[in-house]
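Thanks for coming. I will take one structure and go through a handful of places in it, one after another. Please keep the sequence and the model open while I talk.

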Amino acid sequence: MSDTTESVTESATPQEAYAAPPASATTVRLREVLAQMPDYKPGKPAAAPAGVTAYKLSSNENPYGPLPSVLAAIDDAATTVNRYPDMAVTALTERLAKALDVPAECIATGTGSVAVLAQIVNAACDAGDEVVFAWRSFEAYPIVTQLAGAKPVMVGLDEQARHRLDAMFAAITDRTRVILVCTPNNPTGPCVHQAELEAFLDKVPDDVIVVVDEAYVEFVRDPEAVRGLDVWRHRPNVVVLRTFSKAYGLAGLRVGYAVAHPPVAAALRKTATPFGVNSVAQVAAIASLDAFDELNERVESLVAERDRVVQALADQGWRLPQSDANFVWFPLGPDSTAFSTACSDAGLTVRQYGDDGVRVTIGEVEANSRLIEVAAAFGPR
């Protein structure tokens with residue numbers, strides 16, 4: 001190496017040393033769809049004014065850390081990360097099969113339910129096919145659809161922020177390959193009910209996959225809410241999608257799964273990233289299933305906190321959509337930015353969706369109480 005090169009390397013930062021070619025010189029071809037797709041916007045990290053405790057209520061995370069038994073399992077698993085994980089995710093698949101009372105061949109895993117969702121769309125859709133879903137709903141739906149070369153068909157929610165299943169049925173064409181039903185709906189909160197989903201499925205063509213996305217199922221208390229596994233057992237075209245990120249508090253380890261009938265489950269395993277579910281995640285998920293009774297106490301406390309927040313807001317005059325998830329939805333329209341700013345000024349980082357509304361996760365008791373105070377000062381809309 002020359003003295004000149006050594007001098008440049010030692011004095012320049014990597015950013016300074018890199019000379020980007022002019023845009024006109026770039027000839028690499030990228031997919032045109034990337035320029036048309038929205039970016040996925042993650043929840044912002046917690047931030048607060050000086051002297052104020054910051055709380056992150058923007059990502060629907062469980063505020064509790066892993067249980068001690070789960071942490072111990074993670075510690076043990078960390079000693080073997082020099083080895084590849086079990087690509088077939090055998091132990092977790094068998095443990096899920098036991099917990100859910102389904103055959104192991106009906107389970108497909110992935111790096112969070114969003115990855116399994118992508119596996120479903122990639123397995124079902126060719127270029128130009130269509131995926132129907134409610135909107136606003138989970139932000140990843142249009143992204144994974146377009147990445148697969150398919151067309152998103154968005155059907156607006158009703159005035160109560162619920163799915164309009166009749167309108168979704170009307171949107172089906174001969175190019176429809178997948179229908180996504182998010183229940184409880186993220187970010188608005190209401191559940192789809194069992195009777196209405198069964199009536200909808202009676203009309204949907206048998207060759208169209210219907211995904212019942214139950215990322216928040218552990219928080220559901222609505223007695224009329226759909227139970228995806230009950231529907232799946234007698235519907236060959238239904239897939240149930242779930243995750244360990246929310247109620248189980250393993251968002252950072254990225255593990256989710258689908259329950260599907262064998263031909264579909266096999267297709268999902270083919271479209272999965274090889275070795276995607278890492279060894280620590282597999283062990284932590286099993287340990288969480290083994291400790292579900294203890295973990296469920298935390299879920300119940302979050303449900304109680306949700307109910308406390310909802311009641312307090314109702315007492316203030318707020319009329320919000322019913323939530324069966326671990327968040328509440330403020331359909332504030334053009335007032336969304338002002339409310340989000342008011343929360344930020346109070347040390348609460350929330351999730352704003354443009355001029356549609358603001359979603360706020362149920363978090364620590366102090367954070368929830370502060371949200372109630374902010375909402376009271378802001379005034380119901």
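A77 counts as buried, because its relative accessibility is 8%, and the cut-off for buried is under 20%. This is a predicted model, so please hear every value today as computed from that prediction. A77 is part of helix α4, which covers residues 68-78. What does A77 touch, not counting residues up to four places away in sequence? The answer is S279, V280 and V283. Those partners are far along the chain, and S279 falls within α12, residues 279-290. For a separation rather than a contact, take A77 and T271: their C-alpha atoms are 26 Å apart, with the two positions 194 residues apart along the chain.

Staying with that part of the chain, the loop between α4 and α5 holds Y84, and the loop between α11 and α12 holds F275. The two aromatic rings pair across 191 residues of sequence. Are they stacked or tilted? The pair is tilted, because the planes meet at 35°, with the ring centres 4.8 Å apart. Y84 is exposed, with a relative accessible area of 69%. F275 is partly exposed, at 35%.

A second pair is F244 with Y257. Here the ring centres are 5.8 Å apart and the planes are at 50°, so this pair is tilted too. F244 is in the loop between β7 and β8, and Y257 is in strand β8 itself, so the pair ties together parts 13 residues apart in sequence. Both rings belong to buried residues: F244 has 1% relative accessibility, and Y257 has 5%. In total the model has 13 aromatic pairs. Elsewhere, F133, W135, F138 and Y141 make up one aromatic cluster.

Now to a sheet. In general, strands of a sheet pair through backbone hydrogen bonds, either parallel or antiparallel. This one is an open sheet of 3 strands, in the order β9-β12-β11, and the pairing is antiparallel. Which strands are at the edges? They are β9, residues 327-330, and β11, residues 351-353, each of which pairs on one side only. From one strand to the next, the twist averages 20°. Between β9 and β12, residues 357-361, there are 4 bridges. For a place to look, V328 stands opposite V360 in β12. Helix α14, residues 336-345, lies across β9, β11 and β12, and runs at about 30° to β12.

Just ahead of that sheet is N326, in the loop between α13 and β9. Is N326 buried or exposed? N326 is buried, because its relative accessible area is 2%, under the 20% cut-off. A polar atom of the N326 side chain lies 3.2 Å from the backbone oxygen of N60. Leaving aside neighbours within four places in sequence, N326 is in contact with N60, E61, Y216, F219, T361 and I362. T361 in that list belongs to β12, residues 357-361.

Last, the annotation. UniProt, in an unreviewed entry, lists residues 56-371 as "domain: Aminotransferase class I/classII large". In the model, the C-alpha atoms at the two ends of that span lie 12 Å apart. The span is 40% helix and 17% strand. That is the end of my list.

Note on methods. Residues numbered from 1 in each chain as written. Predicted model: local features only at pLDDT ≥ 70, side-chain atom pairs only at ≥ 80, totals over all residues. Heavy atoms only, no water. UniProt positions renumbered as here; feature names shortened; annotations may be inferred. Buried < 20%, exposed > 50% of the residue type's maximum accessible area, 1.4 Å probe, protein only. Contact = heavy atoms within 4.5 Å. Pairing = 2+ DSSP bridges. Axes fitted to C-alpha atoms, helices over the stretch in contact; angles between N-to-C directions. Polar contact = N/O pair within 3.5 Å; in protein donor to acceptor, adjacent residues only side chain to side chain. Phe/Tyr/Trp six-rings, centres within 6.5 Å; stacked < 30°, edge-to-face > 60°.
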